[in-house]
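Opening the notebook on a new model today. I want to go through the fold first, then a few single residues.

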Amino acid sequence: MHPYRRLVVWQKAHQLAIAVRTAFARCAASDIAAQVRRSSASIPTNIVEGAGSQTNGMFVRFLGIALASAQETEYLLLLARDTGHLSTSNQEQLDVQCAEVQGMLCGLIAAVRRGAMAGAAATPGRIRRPLAPNKQTVEPPANEKG
C-alpha cells in the first residue's frame, strides 16, 4: 500500500478536480458540467483506490484508469470551450493542469512497473521461499499462491 496523500500526482489531481468543480459551478450545460466534474474527480479517486491495492500490478491498473479519466477530462474541457460553456482562458488553464497530471501519471506508471520488475523485494504480494543451503533462490510461479 502507498500513502496516497504523499503522492504529488494525487495532490495535483485533487487540485484539478477542485478547479474543474469551481469552473463549472454555474454552467448552463448540465450534461457537460456533470460529466467533466465526474471525470476530473475520478482521477484522484482512482489514484487513492490504486494506492490501497495489495500489488503493484493492481496499482498500475488503477493509475491507468486515472490516466484515462484525465484524458476524458481534457476532451470534455475542449468540448465545453468549443460549445461556449467555458472561456478559452479557463480551458487553457485547466488544460495545463490536466496535462501536468497526465505526465505525472505516465511517469508514476513507468516507475511502478520498473519497481515491479526489479525483483520480489520491490513487489508487494510476492513471496520468496527459503531453499536449502548452496542452492540458488528461485521465484515461485506467478500463479502459485503461498
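Below are my entries, in the order I looked things up.

**Entry 1: overall layout.** I noted up front that this is a predicted model. I counted secondary structure and got four helices and zero strands in the chain. Reading along the sequence, I wrote the pattern down as α-α-α-α. I also checked burial over the chain: of its 146 residues, 34% are buried.

**Entry 2: H1 against H2.** I started with the pair H1 (8-23) and H2 (residues 30-51). How near do the axes of H1 and H2 come, and at what angle do they cross? They come within 9 Å, and the crossing angle is roughly 160 degrees. H1 is therefore roughly antiparallel to H2, since an angle over 145 degrees counts that way. I also looked up the hand, and H1 crosses H2 in a left-handed sense.

**Entry 3: H2 against H3.** Next I took the axes of H2 and H3, which come within 8 Å and cross at roughly 160 degrees. That angle makes H2 roughly antiparallel to H3. The H2 and H3 crossing is left-handed. I then sorted the residues of the contact of H2 with H3 by type: 15 are nonpolar, eight are polar and two are charged.

**Entry 4: is H3 the length it ought to be, or not?** I ran a quick sanity check on H3, residues 56-82, which has 27 residues. At 1.5 Å a residue, H3 should span 39 Å. The C-alpha atoms at the ends of H3 are 39 Å apart, so the span agrees with what I expected. The expected span takes 1.5 Å times one less than the number of residues, so my sum had to leave one residue out. I also looked past the end of H3 and found Gly84 following, with a positive phi near 80 degrees.

**Entry 5: Leu7.** I went back to the start of the chain for Leu7, which sits in the segment before helix H1. Buried or exposed, I asked of Leu7? Leu7 has a relative accessible area of 18%, so I logged this residue as buried, the cut-off being under 20%. Leu7 and Ala51 are 44 residues apart in sequence, yet their C-alpha atoms lie 9.4 Å apart in space.

**Entry 6: two residues of H4.** I picked Val101 and Gly103 from H4. Val101 is found in helix H4, and with a relative accessible area of 1% I put Val101 down as buried. From Val101 to Ala70 I got 7.4 Å, C-alpha to C-alpha, with their positions 31 residues apart in sequence. Gly103 also has its place in helix H4, residues 88-117. Gly103 has a relative accessible area of 45%, so Gly103 counts as partly exposed. Gly103 and Leu67 are 9.0 Å apart in space, C-alpha to C-alpha, and 36 residues apart in sequence.

**Entry 7: cysteines.** How many disulfides are there? With sulfur atoms required to be within 2.5 Å, the count comes to zero. I looked up the accessibility of two cysteines while I was at it. Cys98 is buried, as its relative accessible area is 0%. Cys106 is at 41% relative accessibility, so I filed Cys106 as partly exposed.

Key: Residues are numbered from 1 along each chain as its sequence is written. This is a predicted model: local features need pLDDT of at least 70, side-chain atom pairs count only at pLDDT 80 or more; totals for chains, interfaces and linings use all residues. Side-chain values use heavy atoms; hydrogens and water are left out. Buried means under 20% relative accessible area, exposed over 50%, partly exposed in between (1.4 Å probe, protein chains only). Axes are lines fitted to C-alpha atoms, for helices over the stretch in contact, and angles run from 0 to 180 degrees between N-to-C directions. Angles under 35 degrees count as roughly parallel, over 145 as roughly antiparallel, 65 to 115 as roughly perpendicular and the rest as oblique. A crossing is left-handed if the near helix is turned anticlockwise from the far one by less than a right angle, and right-handed if clockwise. Ala, Val, Leu, Ile, Met, Phe, Trp, Tyr, Cys and Pro count as nonpolar, Asp, Glu, Lys and Arg as charged, and the others, Gly among them, as polar.
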